[in-house]
Amino acid sequence: MTTSLLSQQIEQYTETYTTAESPLLAALNRETHLKRGDAVMLSGHLQGAVLQMISHMVSPRHILEIGTFTGYSAICLAHGLATDGHLHTIEIDEELQDIAGKYITEAGLRSKITQHIGPAADIIGTISGQFDLVFIDADKSNYELYYDLVFNKVPVGGFIIADNVLYDGEVVLPPEQQSKNCRAICSFNEKVKADTRVQRLLLPVRDGLMIVRKLAE
Ligand SMILES: C[S@@+](CC[C@H](N)C(=O)[O-])C[C@H]1O[C@@H](n2cnc3c(N)ncnc32)[C@H](O)[C@@H]1O
């Protein structure tokens with residue numbers, strides 16, 4: 001199923017009235033598209049701007065990102081960090097470390113971002129401390145696991161954001177027509193819906209962002 005949550009014209013209009021992509025993010029976007037067949041995974045201008053704006057509003061001291069890819073969303077989120085803040089980002093594919101690292105350094109964020117390489121499920125527990133903001137954007141089949149692994153690391157009042165929760169519109173299809181990943185996303189969405197410890201907002205930006213605010217332990 002192909003969804004165009006916003007028509008192309010509306011998308012262009014939205015981007016026109018959103019602060020332009022910085023030259024650095026535009027270069028990262030371009031290089032990712034030139035070098036990677038899976039460049040569609042990159043957040044891109046509008047979603048990157050949403051993440052950056054949320055981060056500025058929250059002004060987090062500690063951010064955890066699960067799924068670095070080429071570093072686009074990490075850079076967007078890190079721009080909103082508190083002065084002494086730090087972002088940890090986890091990526092399983094070590095081939096992505098250099099391109100993400102190059103742009104993180106060019107963005108002047110080298111000292112503010114730690115890149116971890118390996119399976120997120122193994123790494124999350126090794127990073128100490130709490131996270132005011134967590135961005136889940138890796139393998140869909142593990143979203144529920146990641147939610148459980150990070151929940152106790154988020155203080156009351158903190159945020160968990162999960163990407164791709166509309167899964168290209170597949171979420172509204174009957175289960176027998178959904179892909180395995182989509183069923184995992186639906187199960188994650190149900191889990192969040194049933195969680196009385198949180199306030200939730202499914203924001204239909206790009207492929208859908210689930211924004212969760214923790215209300216109770
Ligand atoms: C959608 S991309 C992330 C995009 C990035 N957050 C952005 O907005 O530009 C998902 C990334 O998660 C990584 N990934 C997949 N499974 C993983 C795992 N088990 N642990 C850590 N990273 C994983 C993939 O290699 C891929 O680079």
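A nonpolar core is a set of buried Ala, Val, Leu, Ile, Met, Phe, Trp, Tyr and Cys residues joined through C-beta atoms within 7 Å. A residue, in turn, is buried if 20 or more other C-beta atoms lie within 10 Å of its own, exposed if 12 or fewer, and partly exposed in between, with C-beta atoms placed from the backbone. The structure here is a predicted model, in which local features need pLDDT of at least 70 and side-chain atom pairs count only at pLDDT 80 or more, while totals for chains, interfaces and linings use all residues. Residues are numbered from 1 along each chain as its sequence is written.

With that settled, on to the core itself. The largest nonpolar core has 49 residues, and those with the most contacts inside it are Ile75, Val134, Ile136, Val150 and Ile160. Helix α4 (residues 72-78) supplies the largest share of this core, six residues. The helices (H or I, at least four residues) and strands (E, at least two) named here are DSSP runs, numbered from the N terminus.

Strand β4 (residues 133-136) is a good place to look next. Its two faces are both covered: Leu133 and Phe135 are buried on one side, and Val134 and Ile136 are buried on the other. That pattern fits a simple rule: in a regular strand the side chains alternate between the two faces of the sheet. Strand β4 also has partners, where two strands pair if DSSP finds at least two bridges between them. Strand β1 (residues 62-66) runs parallel to β4 and is joined to β4 by four bridges, and Glu65 has Phe135 as its bridge partner in β4. Strand β5 (residues 159-163) likewise pairs with β4 in the parallel sense, over four bridges, and here Phe135 stands opposite Ile161.

The route from β4 to β5 goes by way of helix α7 (residues 143-151), and the three make a right-handed β-α-β unit. Right-handed means that, with the strands pointing away from the viewer, the path from the first strand over the helix to the second runs clockwise. Back in β4, Ile136 is in contact with Ile66, Tyr143, Tyr146, Ile160, Ala162 and Asp163, leaving aside neighbours within four places in sequence. Contact means that the C-beta atoms of two residues, placed from the backbone, lie within 7 Å. In the loop between β4 and α7 sits Asp139, which is partly exposed because 17 other C-beta atoms lie within 10 Å. The C-alpha atoms of Asp139 and Ala184 are separated by 9.8 Å, although these residues are 45 apart along the chain.

Now for the ligand. A residue counts as near a molecule if its C-beta atom, placed from the backbone, lies within 6 Å of it. There are 17 residues around the ligand, and the closest are Met41, Ser43, Gly67, Phe69 and Ser73. Helix α4 and strand β2 (86-91) are the elements that give two or more residues to this shell. By type, the shell splits into ten nonpolar, three polar and four charged residues; Ala, Val, Leu, Ile, Met, Phe, Trp, Tyr, Cys and Pro count as nonpolar, Asp, Glu, Lys and Arg as charged, and the others, Gly among them, as polar.

Phe69 lies in the loop between β1 and α4 and counts as buried because 23 C-beta neighbours fall inside 10 Å. Its phi is near 55°, a positive value in a residue other than glycine. Phe69 is also one of the contacts of Leu42, along with Asn29, Thr32, Thr70 and Tyr72, again not counting neighbours within four places in sequence. Leu42 belongs to the loop between α2 (23-35) and α3 (44-58), and Leu42 is buried because 20 other C-beta atoms lie within 10 Å. Between the C-alpha atoms of Leu42 and Thr70, 28 residues apart along the chain, the separation is 7.4 Å.

Last comes a hairpin. Strands β6 (residues 198-203) and β7 (residues 209-214) run antiparallel and are joined by six bridges, with Val212 as the bridge partner of Arg200. Five residues lie between the two strands, and Arg206 in this hairpin takes a positive phi near 50°. Val212 counts as buried because 23 C-beta neighbours lie inside 10 Å. Among the residues that Val212 touches beyond four places in sequence are Phe159, Ile160 and Val192.
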